[in-house]
Amino acid sequence: MDSEHKGWMNRSKARIALGITVIPAIALAVWALTLERATRRIASSAPPIAGGLEPVIPMPASFPRTELVEGLLDEPVTLPKLPGGSDKLLASRTWTDGTPILLRGAKRRYEALGSDLATLGAIETDDDLSQIVELPTPHGRTQWIAIADRPDSPGRDDSVIGIDASGSTTWRWNPSGRYVHSIAITFDSDRASGVIVGVGGEQGVVGLDLDGALRWDAPKHHVAYEVRTHPSLPDRSLFVGWDRLLFDGGGRTLYSSAPRRFDADRIRLASYLTVGVILPGERGDASMILGGNRLKPHNPLLVRVDSAGREAWAARPETKIEAIELVEPPNRPRLVVATTDGGELLVVDERGGLRARVDLPGERHDGRLYQYGLAAGRLGEAGWFVAVTLLDGTRLYRLHPDRLPPK
């Protein structure tokens, strides 16, 4: 075959290959652009959300079931302000004597409130704390692990620290960047095994042992909102950073919702996730309840998925979920307590049923209520609570899971 004929054949093959690869891509791009323009036309009459971002198509709230339970939440009590000002830290934890408490405070002093809201004690730490998690049993001197402001650095630079029962620092781990966004205790089959740390940026996600030494890392997960674990799900950790990732105990990714290629269905069903909890599913595998926005169309989302990403149910709150906590009362359905940007407090059962809804007090700014903390859990031996820190202080609601039908 002469060189001219070979050249003609090669050019023909190139044109065919170009048609095979480029034409479908162009078609998908045109489809996506058409959908985007249609969505914008539908949304053009909607008021813009705060900050002038793309309008959200207004749609009524929708849950798989609405079965409101009278008296599930009491009227709120406003907690007195502490000398350090508004609560920077708010958490459902266990006190040194084993009593379930609300831990609250700021500026290196944190008070433990019991069932009657009296102060059971306090810890004074070496650093300002923004998050604290507890070990089921102490590891050496270390009883809690926390995100702390780095004391030797101007401005906000974070560390992860171990804390003993007196509040003293037992160890310190510094990220390569400035911030730590979230931490959670990891578990193996029968005990706490370490800490998962959502750093973000180039460092991404790391795993530490209980002495603060690096065990593993998963770099380049640049957006980090939240990490969560559950003691009944050993070697499983949830990472939320616009998508969701499920890690095993060695930092290996078991599942990622991030698309690896252009896919029309993935675009249509895509979501931007910012909060979440992990809990056991019906077969004992990992299940996740997550909050964020559905992107097509752009609407608030609360969704439960299994470990393979399959949706069990999806709900549409009126505004985006701001924070979320899991409550597990014995012999009753698990509950998710959530606050929304618009200032709602929602209680949703694990099957997606809306069980309580109240409006949080306070002035809205461009439709948004500023919130600074959410905690929910046991209070004393028999009580349960939900607490929310707002601009003018912390409100505490008594929660009564016993008013729900048995599981």
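Okay, let's start at Leu379, which sits in strand β27; strands here, like helices, are DSSP runs numbered from the N terminus (E, at least two residues for a strand; H or I, at least four for a helix). Leu379 is buried, with a relative accessible area of 1%. For that wording, buried means under 20% relative accessible area, exposed means over 50%, and partly exposed is in between, with a 1.4 Å probe and protein chains only. The C-alpha atoms of Leu379 and Thr94 are separated by 9.2 Å, and the two residues are 285 apart along the chain.

Quick housekeeping. This is a predicted model, where local features need pLDDT of at least 70 and side-chain atom pairs count only at pLDDT 80 or more, while totals for chains, interfaces and linings use all residues. Residues are numbered from 1 along each chain as its sequence is written, and side-chain values use heavy atoms, with hydrogens and water left out.

On to the aromatics. A pair of aromatic rings is described by the distance of the centres and the angle of the planes. The cut-offs: rings of Phe, Tyr and Trp (its six-membered ring) pair if their centres lie within 6.5 Å, and planes under 30 degrees apart count as stacked, over 60 as edge-to-face, the rest as tilted. So how many aromatic pairs does the structure hold? Three. One of them is Trp216 with Phe247, a tilted pair at 5.7 Å centre to centre with 40° between the planes. Trp216 belongs to strand β14 (residues 214-218) and Phe247 to strand β17 (residues 243-247), so this pair ties together parts that are 31 residues apart in sequence. Are these two buried or exposed? Trp216 is buried at 9% relative accessible area, and Phe247 is buried too, at 0%.

Tyr225 and Tyr272 make an edge-to-face pair: 6.1 Å centre to centre, 70° between the planes. That pair links distant parts of the chain, with Tyr225 in the loop between β14 and β15 (226-228), Tyr272 in strand β19 (residues 271-280), and their positions 47 residues apart. Tyr225 is partly exposed at 33%, and Tyr272 is partly exposed at 32%.

Those two tyrosines turn up again on the surface. Together with Val223, Trp242 and Leu295, Tyr225 and Tyr272 make a nonpolar surface patch of about 380 Å². For patches, residues need over 30% relative accessible area and no salt bridge; like charges are joined within 9 Å, and nonpolar side chains (Val, Leu, Ile, Met, Phe, Trp, Tyr) within 5 Å. A salt bridge there is a side-chain nitrogen of Lys or Arg within 4 Å of a carboxyl oxygen of Asp or Glu. The areas are Shrake-Rupley with a 1.4 Å probe, and for residues only the protein chains shown count as cover. Val223 is in the loop between β14 and β15, partly exposed at 31%.

His222 is also placed in the loop between β14 and β15, and is partly exposed at 46%. Its C-alpha and that of Gln203, 19 residues apart along the chain, are separated by 7.7 Å.

Now, sheets. Which strands form the open sheet, and in what order? Four of them, β11-β12-β13-β14, with antiparallel pairing. Pairing here requires DSSP to find at least two bridges between two strands. β11 (182-187) and β14 are at the edges with a single partner strand each, so one side of each is left without a neighbour in the sheet. On average, neighbouring strands of this sheet are turned by 20° against each other, direction ignored. The axes are lines fitted to C-alpha atoms (for helices, over the stretch in contact), with angles from 0 to 180 degrees between N-to-C directions. β11 and strand β12 (residues 192-200) pair antiparallel over six bridges, and Ile185 stands opposite Val195 in β12.

There's a hairpin to look at as well. Strands β5 (residues 109-113) and β6 (residues 119-124) run antiparallel and are joined by five bridges; the bridge partner of Glu111 in β6 is Ala122. The hairpin has five residues between the strands, and Leu117 there takes a positive phi near 65°, in a residue other than glycine. Leu117 is partly exposed, at 23%.

Last stop, for the backbone fans: Asp366 has phi near 55°, again positive in a residue other than glycine. Asp366 is in the loop between β26 (353-359) and β27 (371-379), and is exposed at 70%.
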